[in-house]
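Reader: I would like to learn how to read a strand in a protein model. Could you take me through one?

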Amino acid sequence: MSGGHFIVIEGIDGSGTTTQCSILADRFIDKGLSAHPTREPSDGPIGVLIRQVLTGRVVVPSREGVRPPGWATMATLFASDRLDHLEAEILPNLDNGITVICDRYDYSSVAYQTVSGGGGDEVSTWVRELNRHARRPDLTLVLDVDPEVAASRRDTRSGSPELYEVDEMQVELARFYAKIDELFPSDTIRHIDANCGVEGVTTAIWSEVMALRGESV
Ligand code: TMP
């Protein structure tokens, strides 16, 4: 059986990656095509730990009180989760001819951990190196959204903001994602304007996926 496609959807918090991954997987299934939706942090053991960090349940004691783990610790946790996710879930599905649709991947590590690590080239180079053995996606869709639009979407969600859901950081992340292609010159990355409604974004994503499959919309 030929392998499935590996599709990744990326963007800042509130850009709609989770919504679009779920719509895309449903669309595949409605058309009788096999698809496996998944996400990072994954639902594996390291991913579960990371989600506890993101919601403030895992902290580091320090002189000033407790604080979240630093950016380098986070970078290694995300990279370990990714390799476990690949081994346990992504690669077996691809090998079975199933298209894997992943909500975030190593672009998130390069963007978020570089920005939280000070934004320098040395940091982004190290984070990419940590993820050197992560299989490259066949198609990556970056949802570009105005940080203010994303912030107002996040405000409608229930629960407290997670670790990286800080408006100033999200502005920096939006700038980082706008030029992320430069750091992954061999990847197939398409930017989608995600400021419009859900349906417009879905249509743009579908046309990229059809092009990947060599089909017309
Ligand atoms: P999400 O489920 O809302 O997408 O939350 C995951 C958060 O973790 C989001 O703020 C992005 C962040 N993240 C990283 O910082 N590095 C990574 O490698 C990944 C996958 C996510």
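Author: Let us go through the sheet, one of its strands and a few cysteines. This is a predicted model, where local features need pLDDT of at least 70 and side-chain atom pairs count only at pLDDT 80 or more, while totals for chains, interfaces and linings use all residues. Residues are numbered from 1 along each chain as its sequence is written, and side-chain values use heavy atoms, with hydrogens and water left out.

Reader: In what order do the strands form the sheet?

Author: Strands (E, at least two residues) and helices (H or I, at least four) are DSSP runs, numbered from the N terminus. Two strands pair if DSSP finds at least two bridges between them. Here five strands form an open sheet in the order β2-β5-β1-β6-β7, with parallel pairing. The edge strands, each pairing on one side only, are β2 (35-39) and β7 (189-193).

Reader: How many bridges join β2 to β5?

Author: Five bridges join them, and valine 100 in β5 is the bridge partner of histidine 36. Strand β1 (residues 6-11) also pairs with β5, over four bridges. There, isoleucine 9 stands opposite aspartate 103.

Reader: Are the residues of β5 buried or exposed?

Author: Buried means under 20% relative accessible area, exposed over 50%, and partly exposed in between (1.4 Å probe, protein chains only). Five of the five residues of β5 are buried, so this strand is largely enclosed by the rest of the structure. Thr99, Ile101 and Asp103 lie on one side, and Val100 and Cys102 on the other.

Reader: Which side chain of opposite charge is nearest to aspartate 103?

Author: For charges, Lys and Arg count as positive and Asp and Glu as negative; His and the chain ends are not counted. A salt bridge is a side-chain nitrogen of Lys or Arg within 4 Å of a carboxyl oxygen of Asp or Glu. The nearest side chain of opposite charge is arginine 104, 4.7 Å away, and the buried aspartate 103 has no salt bridge.

Reader: How many disulfides does the structure hold?

Author: A disulfide is a covalent bond between the sulfur atoms of two cysteines. The cut-off used is a pair of cysteine sulfur atoms within 2.5 Å. The structure holds zero disulfides. For cysteine 102, the nearest cysteine sulfur is that of cysteine 21, 7.1 Å away. Cysteine 102 counts as buried because its relative accessibility is 0%. Cysteine 196 is in no disulfide either, with the sulfur of cysteine 21 nearest at 16 Å. Cysteine 196 is partly exposed, at 38% relative accessible area.
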